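Trainee: I am new to this structure. Please take one part of it and go through it closely, beginning with whatever I need in order to read the numbers.

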Amino acid sequence: MFIVLGKSKTFISTFYKCLCIDFDRYMENWILASFGIKSAHSFPSVVSVAGLFGDEGLVPVHLQVAGVQRPLLEQLQASPSLLWLGPTLGLGPQQALEIICLLGVLLSLGAVLLGALRDSLVYLCLWALYLSLYTVSLSLDNLLLEAGLLAALVAPCALLRRISASSHHDPVTFWLTRWLFFRLVLCTGVSKLASGDPSWWDLTALSRHFETQASPTPLAWYAHQLPDWLSKLGAVYILSAEITVPLLMFFAPVRGLRIGAFYIQLCFILLGGFSLLHLLTITLSFSLLDNDHFSSQKKKTKTKTWSQFLLSCLSFLVKLAVYLLVLFSAIKLFKLEINWEKKVVTSKTTFTRKSFEEFVKQIQDPTIWVGVLSLTWEVVAALLKCVCARGVLNKLSSLIQWAIFTAAAAAVFALSLVPYTAMAGMSGGKILPEVRKAYGAVEKYQLVSAYGIQHRMVPPAGRPEIVLEGSADKKTWTELNLMYKPDSLSECPPVVGPHQPRLDWLLWEAAVGEHDQNHWFTGLMQRLLEGKPDVVSLLQVDEAQYPFSQTPPAFVRAKVYHYHFTRTTEDGTHPQAWWKRQYVREFFPTVHLGDPALNVLLSDAGLKEKYPVQSSPDTPVSQALGLLRGHVRGLSGPLVLLTLFATVASILLLKALFSRPRHPKGPKPKSTSEHRNKKPREAHEGSEKSRAPPNRGGKKDNSEERKQDSDRSPPRKRK
């Protein structure tokens with residue numbers, strides 16, 4: 001399902017471009033660089049789509065669309081996906097899936113490189129494409145869907161711009177990104193403690209996180225060597241950044257508090273890595289900032305009045321009080337003490353789980369009302385701007401746009417309260433029944449989602465890893481190592497971020513459970529026995545690294561090991577191995593092709609062919625897709641990602657260099673707005689002069705006055 005991640009990474013990246021479209025050039029260039037990083041995620045997904053959902057993949061997409069006899073409209077209403085249009089267009093299921101992926105990639109890259117494509121209709125198309133892939137995915141990437149919907153609301157609409165260039169409603173829709181960021185951070189932090197995870201209650205989670213995260217890096221090995229007291233202090237910082245800071249600073253009326261919250265969140269997010277979730281969270285965190293924060297034009301210092309001076313002093317005192325409150329709460333709740341003898345900072349959780357659940361119940365209503373008041377403030381401010389617009393038609397069109405986007409923002413906010421109150425410890429009984437009914441009607445579109453509900457416990461015994469093994473005679477077994485998993489003990493952990501290999505992620509999630517809870521795993525074992533190249537490429541793109549590249553294995557099985565980072569020796573030298581492991585249990589029994597046990601597992605997983613597979617028609621489209629698939633099959637994800645990032649960055653750099661305006665020497669020309677504002681004033685002065693009595697001093701005075709007037713006013717064109 002990495003195809004889904006890759007495509008939506010791109011439009012979520014460009015989504016934030018439209019959020020920052022009024023920012024200074026420095027901010028704009030920085031965001032464009034992030035777009036290049038995320039947009040390149042889409043192309044490695046083309047490499048893996050055939051192995052994941054192709055006709056010979058882990059979970060063939062034709063098993064989900066074959067045999068459906070309902071009318072097209074009913075099927076789209078039951079399961080919204082453009083894949084149902086494939087038979088109508090003469091495309092097979094795999095071809096339709098690949099075309100949807102490629103369309104999303106091209107639109108996303110176009111929105112990065114071309115400003116004309118940063119339109120709400122383009123983002124709406126990208127959201128529909130991603131929703132089509134979401135229905136057949138193996139993961140729940142609902143954060144990307146909700147952020148994609150916000151992209152369509154925030155991006156400018158060309159159709160509306162033709163009627164009126166008003167953008168007074170932008171702060172209303174932009175506010176929804178901050179509300180999404182608030183829900184994501186707060187719910188994630190609350191779920192760590194509400195789930196009863198022992199590692200977070202005893203503050204040892206961070207010391208285990210470095211080796212148990214999805215894609216550990218070499219830096220994670222060095223961070224694992226930190227002393228325990230420092231890891232506990234890091235856990236206190238994370239819990240404070242996810243619970244205390246959002247409650248006190250995200251919607252604070254003081255601008256400095258929101259900026260401080262941004263940098264606190266940025267430091268916390270960078271500790272987690274560079275996966276899709278972290279990059280997307282960084283993107284959403286910019287909703288805490290404003291245009292002035294990244295503006296390169298410094299405002300002219302003016303003499304402050306007493307009222308302005310008092311307001312600045314009051315703002316400083318409020319910021320100081322909030323920061324001290326955050327620090328005091330961390331010291332009080334986690335009993336932070338300095339041991340001067342050992343030169344360490346000790347920490348310990350002082351509250352109980354029952355008191356924490358009571359705290360979560362108490363913050364439910366205040367957080368919702370803070371959201372209501374904050375949104376109301378943005379709505380009223382936008383309304384006043386629309387009322388003050390010049391011209392009757394401009395004012396009318398601004399009010400119409402304000403009403404439409406305000407209604408959309410209010411609807412999204414109301415719907416988000418249903419999953420928000422589903423957070424552990426909260427009660428959803430106070431939500432209006434009409435809102436719940438509306439949420440149930442649109443739930444299949446994933447307009448809003450709940451976060452932190454399914455918290456992954458930090459494994460206390462180490463990092464569980466599934467190790468695949470194959471054999472030709474059932475006596476000698478060979479491990480089938482993956483490119484990005486820590487299978488080999490002596491190899492350095494690879495740096496794959498921000499690329500996220502989908503099969504490795506699925507194996508990481510499945511290692512904490514059983515194979516019958518992950519039906520796709522049975523399909524993986526069958527494809528390995530059959531030696532399907534699309535699936536083998538998910539393990540190793542280099543055939544020389546795959547031990548059964550010539551002949552598929554006759555038998556396969558899977559085991560679970562617990563992996564641990566090694567520790568430095570007493571003299572501080574680096575050990576020869578990066579990992580050490582211990583056998584835990586069998587994950588999948590030994591099977592072979594034609595094995596009755598394998599057939600039963602395939603039937604239980606729904607991977608048995610119930611209908612004859614129809615061969616795809618040999619059309620120019622299928623030939624082009626096959627040619628593209630053959631070219632990218634032998635390329636690794638990080639390599640393609642780096643190449644595409646360099647290409648997009650180079651194009652943007654050249655575009656910025658050649659589009660830089662060249663100002664001629666001499667006095668700076670006056671802006672259009674100054675010229676437009678000066679015209680009515682001059683016309684008014686001219687009318688007063690025309691009504692004044694004629695000058696009796698002669699022609700000389702009149703000529704001097706005309707000369708001074710011509711010097712003060714810009715030259716006018718003759719009609």
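Mentor: What follows is a short orientation, then a close look at one sheet and what packs on it.

This is a predicted model, in which local features need pLDDT of at least 70 and side-chain atom pairs count only at pLDDT 80 or more, while totals for chains, interfaces and linings use all residues. Residues are numbered from 1 along each chain as its sequence is written, and side-chain values use heavy atoms, with hydrogens and water left out.

The protein chain has 28 helices and six strands. These elements are DSSP runs numbered from the N terminus: helices are H or I runs of at least four residues, and strands are E runs of at least two. Of the 719 residues in the chain, 47% are buried. Buried means under 20% relative accessible area, exposed over 50%, and partly exposed in between, with a 1.4 Å probe and protein chains only. Among contacts in the chain with a separation of 6 or more, 75% are between residues 24 or more positions apart; a contact is a pair of heavy atoms within 4.5 Å.

Now to the sheet. It is open and has four strands in the order 4-3-5-6, with antiparallel pairing. In general, strands of a sheet pair through backbone hydrogen bonds, and the pairing can be parallel or antiparallel. Two strands are taken to pair if DSSP finds at least two bridges between them. Strand 4 (477–479) and strand 6 (579–591) are the edge strands, each pairing on one side only. From one strand to the next, the twist averages 35°; angles here run from 0 to 180 degrees between N-to-C directions, and axes are lines fitted to C-alpha atoms, for helices over the stretch in contact.

The pairings can be followed across the sheet, beginning at the edge formed by strand 4. Three bridges connect strand 4 to strand 3, and the two run antiparallel. Within this pairing, Gly470 has Thr478 of strand 4 as its bridge partner. Strand 3 and strand 4 also form a hairpin, with five residues between them. In that turn, Lys474 has a positive phi of about 70°.

Strand 3 pairs in turn with strand 5, in the antiparallel sense, through nine bridges. Here Ile466 is bridged to Val560 of strand 5. Strand 5 (residues 555–565) is then joined to strand 6 by nine bridges, again antiparallel. One partnership to look for is that of Lys559 with Glu586 of strand 6.

How enclosed is strand 3 by the rest of the structure? Nine of its nine residues are buried, so strand 3 is largely enclosed. In a regular strand, side chains alternate between the two faces of the sheet. In strand 3, Arg463, Glu465, Val467, Glu469 and Ser471 point one way. Pro464, Ile466, Leu468 and Gly470 point the other way, and the residues of both sets are buried.

A helix also belongs in the picture. Helix 12 packs on the sheet and touches strand 3 (463–471), strand 5 and strand 6. The direction of helix 12 makes about 140° with that of strand 5.

The loop that leads into helix 12 (205–212) from helix 11 (198–201) contains Leu203. Leu203 is not a glycine, yet its phi is positive, near 65°. Leu203 counts as buried because its relative accessibility is 1%.

A loop elsewhere in the chain can be set beside this one. Lys343 sits between strand 1 (337–339) and strand 2 (344–346). Lys343 is another residue other than glycine with a positive phi, near 60°. Lys343, however, has 70% relative accessibility and therefore counts as exposed.

To trace the sheet yourself, start at strand 4, one of the two edge strands. Go back through the hairpin to strand 3, cross to strand 5 by way of Ile466 and Val560, and end at strand 6 by way of Lys559 and Glu586. Then add helix 12, which packs on the sheet.
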